[in-house]
Amino acid sequence: MQDEEYMRQLSYGNDSALDTLVFQYHKPLYGYVYRLLQDENLAEDIVQDTFMKIYQQGKNGFVPDSFKPWMYKIATNGCRDYWRKASTKREYFTDEIVEGTGKIHHIIDRQLERQWMIDALDQLAPDYRMVLYLRFYQELKYAEIALALEIPLNTVKTWISRGLKQLEGILLEDERKGAGVNE
């Protein structure tokens with residue numbers, strides 16, 4: 001059964017349909033939110049709030065066209081609300097163009113699961129960090145990311161490209177300094 005069908009079941013009053021969605025998506029959603037906020041308790045609160053909103057929308061009869069991007073949109077908006085409320089919105093990086101992006105794909109493939117990569121990702125502006133996490137950790141397609149973040153598809157492509165370029169710069173600088181070696 002597809003996720004949208006679980007939402008339809010929820011709208012029919014089958015509350016156990018939410019259990020299936022929670023079981024399937026709690027861990028990846030928590031990982032995404034945690035990586036954005038770097039706070040376990042806050043991440044858990046936002047994930048719980050996300051599932052509460054999903055439940056409420058389902059009980060109101062709403063069935064999204066595509067569940068997964070919609071779920072990430074709710075969670076992302078929860079993170080954005082936190083940043084706004086806490087006045088912790090981080091400064092955005094400039095749009096510097098860095099040449100030589102071909103190396104980044106090799107570096108990502110090699111280091112994806114390492115703390116070094118996570119630390120480097122955490123140095124990016126929130127917009128770039130969100131799209132890269134959604135693309136490479138949650139494996140959402142570009143169109144799904146656009147839906148999740150409510151931004152145009154070309155913006156997703158631009159943010160991913162710029163985020164990768166900045167990430168490449170961070171990783172190359174770390175590599176030059178010797179960080180991430182022998183982890």
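This passage describes the fold, the buried parts, the salt bridges and the aromatic pairs of a predicted protein model.

The protein contains nine helices and zero strands. Read along the sequence, its elements therefore follow the pattern α-α-α-α-α-α-α-α-α, in which a helix is a DSSP run of at least four residues. Of the 183 residues in the protein, 43% are buried. The surface that the protein exposes amounts to about 10000 Å², and carbon and sulfur atoms supply 48% of this area. Contacts were also examined by the separation of the partners in sequence. Among those between residues at least 6 apart, 69% join residues at least 24 apart.

Helix 9 spans residues 153-177 and has 25 residues. From its first C-alpha to its last it reaches 36 Å, which is close to the 36 Å expected at 1.5 Å a residue. Several residues of helix 9 are buried, among them Val156, Trp159, Ile160, Gly163, Leu164, Leu167, Ile170 and Leu171. The buried set of this helix also includes Lys165, Gln166, Glu168 and Asp174. An α-helix has 3.6 residues a turn, so residues three or four places apart point the same way.

Phe51 illustrates how a residue of one helix meets residues elsewhere in the sequence. This residue lies in helix 3, which covers residues 40-59. Phe51 counts as buried because its relative accessibility is 6%, and the limit for burial is under 20%. Leaving aside neighbours within four places in sequence, Phe51 is in contact with Leu18, Leu21, Val22, Tyr25, His26, Leu29 and Met71. One of these partners, Val22, is 29 residues away from Phe51 in sequence, yet the two C-alpha atoms are 7.2 Å apart in space.

Charged side chains were considered next. Side chains of opposite charge can pair when their charged atoms come close. A search of the whole structure finds four salt bridges. In one of them, Lys59 pairs with Asp15, and the closest N and O atoms are 2.9 Å apart. This pair links distant parts of the chain, since Lys59 belongs to helix 3 whereas Asp15 lies in the loop between helix 1 (3-11) and helix 2 (16-37), 44 residues apart. Lys59 is partly exposed, with a relative accessible area of 36%, and Asp15 is likewise partly exposed, at 34%.

A salt bridge within a single helix is formed by the side chains of Asp49 and Lys53, at 3.2 Å from N to O. Both residues lie in helix 3 and are four residues apart, about one turn of the helix. Asp49 has a relative accessibility of 35% and therefore counts as partly exposed. Lys53, at 32%, also counts as partly exposed.

The side chains of Glu150 and Lys73 meet in a further salt bridge, with an N to O distance of 3.4 Å. Glu150 lies in the loop between helix 8 (142-149) and helix 9, and Lys73 lies in helix 4 (residues 67-85), so the pair ties together parts that are 77 residues apart in sequence. Glu150 is exposed, with a relative accessible area of 52%.

Aromatic side chains were then examined. A pair of aromatic rings is described by the distance of the centres and the angle of the planes. The whole structure holds six aromatic pairs. Among them, Tyr30 and Tyr34 form a stacked pair, at 6.1 Å centre to centre and with 15 degrees between the planes. The two tyrosines are separated by about one helical turn, because Tyr30 and Tyr34 are four residues apart in helix 2. Tyr30 is partly exposed, with a relative accessible area of 22%, and Tyr34 is partly exposed as well, at 28%.

The pair of Phe62 and Trp70 is tilted, with the ring centres 5.3 Å apart and 50 degrees between the planes. Phe62 is partly exposed, at a relative accessible area of 34%, whereas Trp70 is buried, at 10%. Phe62 and Trp70 belong to one aromatic cluster together with Tyr25 and Phe67. Tyr25 of this cluster is also among the contact partners of Phe51.

A charged side chain is also found over an aromatic ring. Arg135 lies over the face of Phe136, at 6.0 Å from the ring centre.

Methods: Residues are numbered from 1 along each chain as its sequence is written. This is a predicted model: local features need pLDDT of at least 70, side-chain atom pairs count only at pLDDT 80 or more; totals for chains, interfaces and linings use all residues. Side-chain values use heavy atoms; hydrogens and water are left out. The expected span of a helix is 1.5 Å times one less than its number of residues. Buried means under 20% relative accessible area, exposed over 50%, partly exposed in between (1.4 Å probe, protein chains only). Contact means heavy atoms within 4.5 Å. Accessible areas come from the Shrake-Rupley method with a 1.4 Å probe; for residues, only the protein chains shown count as cover. Rings of Phe, Tyr and Trp (its six-membered ring) pair if their centres lie within 6.5 Å; planes under 30 degrees apart count as stacked, over 60 as edge-to-face and the rest as tilted. A charge sits over a ring if NZ of Lys or CZ of Arg is within 6 Å of the ring centre and within 35 degrees of the ring normal.
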